[in-house]
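The following exercises concern one molecular structure. Please study the sequence and the model before reading the solutions.

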Amino acid sequence: MQANWIGACTGCYFDFELKVNGEKVGEKLAAYAFFPEAVYGASHLSILPSHRLLHSDSKLRHLFQEQFVSDTDCQTPVTAVNLLNGQEIPLIISAKEEFKDRLDTVIGKAYVSASICSDQVMYSRLFYLLGLSVNFLDDLYHF
């Protein structure tokens, strides 16, 4: 059997459906994850102040512009629904001017401690590869 014929996994994009006050608004937001299993432990999505949702003809433009304060992480009334597991997470406008690798949207993870983090990554990768549910990780992220 040929080894590594597909190549190394360098990450992927996930689509999140956007909601305001629990109502779907008909827009999706793509967010990149360097490790696909990271989507299971997502605590929030973060967009740059230069993101198209703040500057285009988006239905949500006015909501984002009302919430935006320069040089501050700004929580918005918009939530994002993970289409893989149905989890609804907040959408944040980042205080940063740029993210790593020129991304404009990133998947955020809340970390509790270094030892729990390494366990979370190990278990989420293992469960992802086995095609099993990783819902138990959600309990580790609640404050």
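**Exercise 1. The nonpolar core**

Task: determine which residues Leu-45 touches, and place Leu-45 within the largest nonpolar core.

Solution. Not counting residues up to four places away in sequence, Leu-45 is in contact with Phe-16, Leu-29, Ala-31, Ala-80, Ile-89, Pro-90, Leu-91, Ile-92, Val-106 and Ile-107; contact means heavy atoms within 4.5 Å. The model is predicted: local features need pLDDT of at least 70, side-chain atom pairs count only at pLDDT 80 or more, and totals for chains, interfaces and linings use all residues. Residues are numbered from 1 along each chain as its sequence is written, and side-chain values use heavy atoms, with hydrogens and water left out.

Next, consider the core, defined as a set of buried Ala, Val, Leu, Ile, Met, Phe, Trp, Tyr and Cys residues joined through side-chain atoms within 4.5 Å. Buried means under 20% relative accessible area, exposed over 50%, and partly exposed in between (1.4 Å probe, protein chains only). The largest nonpolar core has 26 residues, of which Phe-16, Leu-18, Leu-45, Phe-64 and Ile-107 touch the most other members. Two or more residues each are given to this core by strand 1, strand 2, strand 3 (44-47), helix 1 (52-55), helix 2 (61-67), strand 4 and strand 5 (88-93). Helices (H or I, at least four residues) and strands (E, at least two) are DSSP runs, numbered from the N terminus.

**Exercise 2. Aromatic residues**

Task: state how many aromatic pairs a search of the whole structure finds, and describe them.

Solution. The search finds two aromatic pairs. Rings of Phe, Tyr and Trp (its six-membered ring) pair if their centres lie within 6.5 Å; planes under 30 degrees apart count as stacked, over 60 as edge-to-face and the rest as tilted.

Step 1: the ring centres of Tyr-13 and Tyr-32 are 5.0 Å apart and their planes stand at 65°, so this pair is edge-to-face. Because Tyr-13 lies in strand 1 (residues 12-20) and Tyr-32 in strand 2 (residues 23-33), the pair ties together parts that are 19 residues apart in sequence. Tyr-13 is exposed, at 54% relative accessible area, whereas Tyr-32 is buried, at 15%.

Step 2: Tyr-32 and Phe-34 also form an edge-to-face pair, with 5.0 Å centre to centre and 85° between the planes. Phe-34 is partly exposed, with a relative accessible area of 36%.

Step 3: Tyr-13, Tyr-32 and Phe-34 form one aromatic cluster. Lys-100 lies over the face of Phe-34, at 5.2 Å from the ring centre; a charge sits over a ring if NZ of Lys or CZ of Arg is within 6 Å of the ring centre and within 35 degrees of the ring normal.

**Exercise 3. A glutamate in strand 2**

Task: is Glu-27 buried or exposed, and which side chain does a polar contact join to the side chain of Glu-27?

Solution. Glu-27, found in strand 2, is buried, because its relative accessible area is 11%. A polar contact of 2.9 Å joins its side chain to that of Ser-58. Such a contact is a pair of N or O atoms within 3.5 Å; within protein, one must be able to donate a hydrogen and the other to accept it, and residues adjacent in sequence count only if both atoms are side-chain atoms. In addition, a polar atom of the Glu-27 side chain lies 3.0 Å from the backbone nitrogen of Lys-59. Glu-27 and Lys-59 are 32 residues apart in sequence, and their C-alpha atoms are 8.2 Å apart in space.
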